[in-house]
Amino acid sequence: MNKILVILDGVGDLPCRELGNKTPLEAANTPNLDLLAKNGKCGLMYTIRKDIAPESDEAMFAILGYNPFKYYTGRGILEAYGGGIRFKKGNLILRCNFVRVKNNKIIDIEAKVKKQILNRLVKELNKIKLTVKHKFIATIGHRCVLILDKGSDKITNTHPGYNIIKNYVTSAVPVNNIMKIKNCIALSKESKITAKNINKFVKESKNIVKNYAVITRGAGNRLPKLKKLKNWILLADMPVEKAIGKLAGMKIIKKSNNYKKDAKVILKLAKKHNVYVQIKGPGSFGHKNKPLLKKKVIERIDKEFFSMIKKFKGMIIVSADHSTPCKFKAHSKDPVPVLIYGKGKDRINKFSEASCKGGSLGKFNGLELMKIINKV
């Protein structure tokens with residue numbers, strides 16, 4: 001039986017005052033998702049484990065069955081690889097954000113930069129003098145990549161939103177606690193020079209264009225080696241998703257960002273293949289603390305995407321990579337709802353955090369999802 005696996009980016013949430021103390025999923029009118037939930041099996045999933053608020057790429061590793069503590073090697077090198085950026089063996093690569101700052105405090109951690117300012121920033125950032133050669137490249141939106149000719153990945157993030165837990169795996173911090181850019185700290189003797197270079201780069205980035213700076217995270221110098229998945233296609237638009245898909249042996253097809261068009265493509269592909277798709281939208285409004293808009297985009301996805309996907313005769317799996325509660329404006333440790341349609345049903349009436357809690361799948365970790373899908 002072929003499968004369609006849909007990951008709704010950051011769809012999980014906590015009760016919001018603006019929605020009558022309901023989550024956006026609970027408040028949203030989602031007849032198509034609710035139909036799948038009612039006729040499927042449901043549960044809650046900690047995409048990595050219950051003490052971690054995961055990043056999307058770490059979660060994708062786990063959902064696909066790869067233990068992130070074993071295989072994940074940092075976000076920077078995935079951003080570069082998925083974005084088609086050239087790098088050499090031994091290069092150290094960091095994922096960066098453009099941010100806006102005021103009085104040394106971050107006021108926008110995912111800053112949109114106008115093209116004219118962006119061109120100037122990139123040009124000047126590449127002129128900064130470090131002890132090693134470097135290259136700075138903007139990718140999509142607020143995202144960018146810093147490549148050092150050489151260096152140690154045993155360093156901390158200057159991005160204050162993610163703390164390293166173990167190996168390369170991080171956990172998100174609520175934005176309410178985010179105030180200042182962090183210093184890069186060396187975690188080994190060999191990484192002291194690298195940490196100094198990063199701190200100099202970040203410090204000087206604040207002096208190029210008023211109120212703008214660059215922060216870093218996810219340092220890595222090697223790509224993960226993943227066992228190939230059989231007969232999977234990935235619809236993706238972000239570099240990091242494309243990177244994981246390529247490494248996992250998936251065929252990559254670019255999304256159109258039109259829900260109806262993507263649904264048509266997926267239904268056609270799913271006749272002969274398994275399809276994985278991550279839908280952006282809900283999480284971005286969680287980051288901005290806009291529960292009403294998060295509710296609306298969920299309703300739009302249900303109306304334009306799931307109204308068509310529900311016609312699929314195979315297995316449909318719907319979940320999320322993480323929760324992004326509006327009150328935190330960041331990823332959280334809360335589990336995400338899961339539904340598996342196509343093999344048995346629980347008679348759950350609503351696809352939401354509270355309803356799925358009562359499903360027969362119970363609570364489980366993301367590494368178990370593929371095993372459950374194949375057993376259900």
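This passage looks at two surface patches, a strand hairpin and a few residues with positive phi in a predicted model.

Local features were taken where pLDDT is at least 70 and side-chain atom pairs at pLDDT 80 or more, while totals for chains, interfaces and linings use all residues. Residues are numbered from 1 along each chain as its sequence is written, and side-chain values rest on heavy atoms, with hydrogens and water left out.

Turning to the surface, Arg86, Lys88, Lys133 and Lys135 make up a positive patch. Patch members have over 30% relative accessible area and no salt bridge, with like charges joined within 9 Å and nonpolar side chains (Val, Leu, Ile, Met, Phe, Trp, Tyr) within 5 Å. A salt bridge here is a side-chain nitrogen of Lys or Arg within 4 Å of a carboxyl oxygen of Asp or Glu. Lys and Arg count as positive, Asp and Glu as negative, and His and the chain ends are not counted; a charge is placed at NZ of Lys, CZ of Arg, CG of Asp or CD of Glu. Arg86 sits in the loop between α5 (75–82) and β3 (92–102); helices (H or I, at least four residues) and strands (E, at least two) are DSSP runs numbered from the N terminus. With 77% relative accessibility, Arg86 counts as exposed (over 50%; buried is under 20% and partly exposed lies in between, using a 1.4 Å probe and protein chains only).

A nonpolar patch is formed by Ile164, Ile185 and Leu187, which together offer about 270 Å² of accessible area (Shrake-Rupley method, 1.4 Å probe, with only the protein chains shown counting as cover for residues). Ile164 belongs to strand β7 (residues 162–166) and is partly exposed at 33%. Its bridge partner in β8 is Thr170.

That bridge leads on to the hairpin. Strands β7 and β8 are antiparallel and share four bridges, pairing being called when DSSP finds at least two bridges between strands. Two residues lie between the strands, and Asn167 in this hairpin has a positive phi near 55°. In a regular strand, side chains alternate between the two faces of the sheet. Strand β8 (residues 169–172) is covered on both faces, with Val169 and Ser171 buried on one side and Thr170 and Ala172 buried on the other.

Positive phi also turns up in loops. Asn257, not a glycine, has a phi of about 65°; this residue lies between β11 (251–254) and α9 (259–269) and is exposed at 51% relative accessible area. Asn289 has a positive phi near 55°, lies in the loop between α10 (282–287) and α11 (291–309), and is partly exposed at 36%.
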